[in-house]
Amino acid sequence: SHNYEEIRSMSALSSHPSVDRSYRSYLDNSNFLIEGQRISALRRGWARDIRESFDRQILDTTWRPSYGTLGSKLEERVGTTCARDLFGSLSRAIVEERANEIRAEMQAGGWSLHLRSRESERPEKGVDVELATHLTWDAALRTDRMRTGLLLVAGDRDYAPMVEFLTARGHDVVVAFWAHAAEELKQAASRFVELDHCFHDVTASPRLRGVDSTTSQEVVSCRH
């Protein structure tokens, strides 16, 4: 058996860039979308800094990601992906109006979809649990840790214990997210990849976002 430090050393070795590996990707779409909307609001000058955007809950609710470009940028920054899983939720109104269109946008990026109906008070918690369950299951039963890494596209601190658990057992767990991701999660990961520099690239065109050239500012309640 290995003690904790020995296992951490194994994790560092397995995450060495000279090791030829692919990654299984797990995207928390709810988290990625909301925090992307926060960055968009900042870039539009609606808040002075990230702290004010959190304090006043300022988001650009018209912002949407380009899922195809996101997948490409992740491969550029992290490595080849052998699987892409997207976890999120859709409101009943969206499901009735644009469900097929939205699913097509997501699948165009090569993402397998795990979508919930947004009817509960905090549907994102179900998204968290489903993603964590899939990722942990894959790590335990479907992943050769010397050949396949795990790529988490999320920034919520709730994921930190899971990531720390897996890295301590020799898995290469890369976290890719906006720069303001939770510090606990950054520290738990084998490596953190910042996506702010490609924000423009992973932003969907107005046509794909389903909005016109005008934008609106909205103050909403959300988690981090």
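Here a trainee and a mentor talk through a predicted model, one question at a time.

Trainee: Let's start with the rings. How many aromatic pairs are there?
Mentor: Rings of Phe, Tyr and Trp pair if their centres lie within 6.5 Å. By this rule the count of aromatic pairs is seven.

Trainee: Which residue forms a stacked pair with Trp63?
Mentor: Planes under 30 degrees apart count as stacked. Here the angle between the planes is 15°, with 5.4 Å from centre to centre, and the partner of Trp63 is Phe199.

Trainee: How many residues apart in sequence are the parts that this pair ties together?
Mentor: Trp63 sits in the loop between β2 (58-59) and α4 (67-77). Phe199 belongs to the loop between β7 (191-194) and α9 (206-209), so the pair links parts whose separation in sequence is 136 residues.

Trainee: Is Trp63 buried or exposed?
Mentor: Buried means under 20% relative accessible area. Phe199, its stacking partner, has 7% and is buried. Trp63 has a relative accessibility of 1%, so the word for Trp63 is buried.

Trainee: Which residues form one aromatic cluster?
Mentor: We've already met two of the members, Trp63 and Phe199, as a stacked pair. The whole cluster is made of Phe32, Trp63, Phe177, Trp178 and Phe199.

Trainee: Which residue lies over the face of Phe54?
Mentor: There are two arginines to look at here. Arg84 lies over the face of Trp111, at 5.8 Å from the ring centre. Over the face of Phe54, at 3.8 Å from the ring centre, you'll find Arg38.

Trainee: Now the helices. Why do the buried residues of α7 line one face of the helix?
Mentor: Helix α7 covers residues 160-167, and its buried residues are Ala160, Met162, Val163, Leu166 and Thr167. Look down the axis of α7: they line one face because they fall within an arc of 165°.

Trainee: And which residues are buried in α4?
Mentor: An α-helix has 3.6 residues a turn, so residues three or four places apart point the same way. In α4, the buried residues are Tyr67, Leu70, Gly71, Lys73 and Leu74. They cover an arc of only 165° around the axis, so what they share is the same side of α4.

Trainee: Which residue follows α4?
Mentor: Look for a residue with a positive phi, near 155°. The one that follows α4 is Gly79.

Trainee: On to charges. How many salt bridges does the structure hold?
Mentor: Side chains of opposite charge can pair when their charged atoms come close. For this structure, the salt bridges number 15.

Trainee: Which residue forms a salt bridge with Glu76?
Mentor: The partner is three residues away in helix α4, so about one helical turn separates the two. Glu76 is exposed at 59%, while its partner is buried at 17%. The closest N and O atoms are 3.5 Å apart, and the partner's name is Lys73.

Trainee: What about Arg48, which residue does its side chain meet in a salt bridge?
Mentor: Arg48 is exposed, with a relative accessible area of 74%. The N to O distance of the bridge is 3.3 Å, and the partner is Glu52. At 13% relative accessibility, that partner is buried, so "buried" is the label for Glu52.

Trainee: And which residue does Asp144 meet in a salt bridge?
Mentor: Asp144 is partly exposed, with 38% relative accessible area, and its partner is exposed at 57%. The bridge is 3.9 Å from N to O, and the partner is Arg147.

Trainee: Which residues are joined into one network by salt bridges that share partners?
Mentor: Shared partners are what make the network here. The residues joined are Arg24, Asp138 and Arg142.

Trainee: Which residue's backbone oxygen does the side chain of Arg21 reach?
Mentor: Arg21 is in the loop between α1 (4-14) and β1 (22-28), and it is buried at 9% relative accessible area. At 3.3 Å, its side chain reaches the backbone oxygen of Arg145.

Trainee: Last one. How many disulfides does the structure hold?
Mentor: A disulfide is a covalent bond between the sulfur atoms of two cysteines. Among the residues here, Cys82 is partly exposed at 46%, and Cys198 is buried at 2%. The number of disulfides is zero.

Conventions. Residues numbered from 1 in each chain as written. Predicted model: local features only at pLDDT ≥ 70, side-chain atom pairs only at ≥ 80, totals over all residues. Heavy atoms only, no water. Disulfide = S-S within 2.5 Å. Buried < 20%, exposed > 50% of the residue type's maximum accessible area, 1.4 Å probe, protein only. Phe/Tyr/Trp six-rings, centres within 6.5 Å; stacked < 30°, edge-to-face > 60°. Helix = DSSP H or I, 4+ residues; strand = E, 2+ residues; numbered from the N terminus. Lys NZ or Arg CZ within 6 Å of the ring centre and 35° of its normal. Arc of directions from axis to C-beta. Polar contact = N/O pair within 3.5 Å; in protein donor to acceptor, adjacent residues only side chain to side chain. Salt bridge = Lys/Arg side-chain N within 4 Å of Asp/Glu carboxyl O.
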